[in-house]
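Please walk me through this model in the viewer. Tell me what to select at each stop and what is there.

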Amino acid sequence: MASSVVASSCSTDNNSYGDAVSQIWRHTNIPPANEMALQRELVRYATLAASGHNTQCWKFQLEDRLISILPDLERRTPVVDPDDHHLYASLGCATENLVQAAKANGLESTVDLGAGESIKIHLEPAQAVSSPLFEAIPNRQSTRTDYDGQPLSNEELKQLEQTATGTGVNLMLLTDKQAMEKVLAYVIEGNTLQINDPAFVKELKTWVRFNEKEAVCKGDGLFTKSSGNPTLPQWLGNRLFGMLLSAESENEKYTHQLRSSAGIAIFVSDQETQAHWIEAGRCYQRFALQAEALDIRTAFLNQPVEVASLRPQFATSLGISDYRPDLVVRFGRGPKMPRSLRRPVGAVIV
């Protein structure tokens, strides 16, 4: 269960939050000296990917010319993600980061989903190609704040759409205000159902990091400052969380955020399989990296796809009643927010 993970003791490191950010969100300063060092560096890039609640629900195995990504089931979020859809999409996000970083370091990747739950990434020497997507990896974040409300150019929308195409995964880009308002109605309905569910709130609370010290100690979860909320002592945050979290205030926040966005991206898989969910994660990660390369911010609005009773209605409203919408993402230009953190590479290699 999630609570067993987040209750573990904090690191004894005395690093400040600023030090942790600079150590985590960076490109490689010194070229890795050998294959194993390079593989560890590729894993570091992979861990900079998005994951639900920033659970970092992944583990990595290193072998000769092979890196395997496995689900860390102790980091599941069974209330908000009972079928592990977001977990496998998160593994897809990590896969895409690793593939982009490998290419920049002179390795061609072959991704094999094969049998079982692991993603096997075979690596072979090739010419190094550093793409704008790779360069964007240390800058990407889920930016949970208001954007500037300005539209993107047709060329920018085309670049986002082309980058995010994948096998068995389609992208819907909504920029019409009326269409976005329809999505907003489902976001509000889904959020209301979630906030009024004590089990959802309890699970969410285990992943909230109320101050910089707690964020640095745990290296995971949702740092309050990253979404524009004040920091609090951990004991006070734990006590006030349930009292201050309300559907009304959250709905007002999401309304402002969506209406300030340039558009909404919805990722839709052809089939409901783990392989398709992984591919959806890869497509999203490319979308987010391309957006960052264009100085465009992104953030998830997944309530309509997380509430199982609401998801079919949402799909019907989009005209895709035969499919399951995977991920909902708003995008637009706006300021950066304080960074979430990541666990050390050694903590995710098995």
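The tour below visits two sheets, a helix, a cavity and a few single residues.

One note before starting: this is a predicted model.

**Stop 1: the sheet that begins with β1**

Select β1, β2, β4 and β3. Together they form an open sheet of 4 strands, in the order β1-β2-β4-β3, and the pairing is antiparallel. Now colour β1 (58–63) and β3 (107–112). These two stand at the edges; each has a single partner strand, so one side of each is left without a neighbour in the sheet. Look along the sheet to see its twist, which averages 20° from one strand to the next.

Next, show the pairing inside the sheet. β3 and β4 (residues 119–125) run antiparallel and are joined by 6 bridges. Pick Asp112, then look across to β4: Lys120 stands opposite. Move to β2 and β4, which pair in the antiparallel sense over 4 bridges. Which residue of β4 is the bridge partner of Leu66? Label His122 to see the partner of Leu66.

While the strands are on screen, a general point helps in reading them. In a regular strand, side chains alternate between the two faces of the sheet.

**Stop 2: helix α4**

Add residues 85–104, which make up helix α4. This helix packs on the sheet and touches β1, β2 (66–71), β3 and β4. Compare the directions of α4 and β2: they make about 160° with each other.

Zoom in on His85, which lies in helix α4. Is His85 buried or exposed? His85 has a relative accessible area of 1%, so it is buried, the cut-off being under 20%. Show its contacts beyond four places in sequence: His85 meets Trp277, Arg324, Asp326 and Leu327.

Step back one residue to Asp84. Asp84 sits in the loop between β2 and α4. Check its backbone: phi is positive, about 65°, although Asp84 is not a glycine. With a relative accessible area of 13%, Asp84 is under the 20% cut-off and therefore buried.

**Stop 3: the cavity**

Turn on a cavity display. How many cavities of 30 Å³ or more does the structure hold? The count is 1. The largest cavity holds about 50 Å³ of space.

Select its lining as sticks: Gly52, Thr55, Cys57, Arg75, Arg76, Thr77, Asp81, His86, Leu87 and Ser90. Colour these residues by class. The lining divides into 2 nonpolar, 5 polar and 3 charged residues.

**Stop 4: Val350**

Jump to Val350, in the segment after β10 (324–332). Is Val350 buried or exposed? Its relative accessibility is 54%; exposed means over 50%, so Val350 counts as exposed. Show what Val350 touches, leaving out residues up to four places away in sequence: Lys59, Phe60 and Gln61.

Now draw a C-alpha to C-alpha line from Val350 to Val111. The two are 19 Å apart in space and 239 residues apart in sequence.

**Stop 5: the sheet that begins with β5**

Hide the earlier selections and select β5, β8, β10 and β9. They make an open sheet of 4 strands, ordered β5-β8-β10-β9, with antiparallel pairing. Colour the edge strands, β5 (169–174) and β9 (297–300), each of which pairs on one side only. On average, neighbouring strands of this sheet are turned by 25° against each other, direction ignored.

Focus on β5 and β8 (residues 263–269). They pair in the antiparallel sense over 6 bridges. Label Asn170, then find Val268 opposite it in β8.

**Stop 6: Asp295**

Finish at Asp295. Where is Asp295 found? Look in the loop between α12 (274–293) and β9. Check phi here too: Asp295 has a positive value, near 60°, and is a residue other than glycine. What is the relative accessibility of Asp295? The value is 40%, so Asp295 counts as partly exposed.

How values were computed: Residues are numbered from 1 along each chain as its sequence is written. This is a predicted model: local features need pLDDT of at least 70, side-chain atom pairs count only at pLDDT 80 or more; totals for chains, interfaces and linings use all residues. Side-chain values use heavy atoms; hydrogens and water are left out. Two strands pair if DSSP finds at least two bridges between them. Axes are lines fitted to C-alpha atoms, for helices over the stretch in contact, and angles run from 0 to 180 degrees between N-to-C directions. Contact means heavy atoms within 4.5 Å. On a 1 Å grid over the protein atoms alone, a cavity is a set of points where a 1.4 Å probe fits but cannot get out, and a pocket is an open set with protein on both sides within 12 Å along at least five of seven lines; lining residues have an atom within 4 Å of a point. Grid points are joined across faces, edges and corners, and a volume is the space filled by probe spheres set on the points. Ala, Val, Leu, Ile, Met, Phe, Trp, Tyr, Cys and Pro count as nonpolar, Asp, Glu, Lys and Arg as charged, and the others, Gly among them, as polar. Buried means under 20% relative accessible area, exposed over 50%, partly exposed in between (1.4 Å probe, protein chains only).
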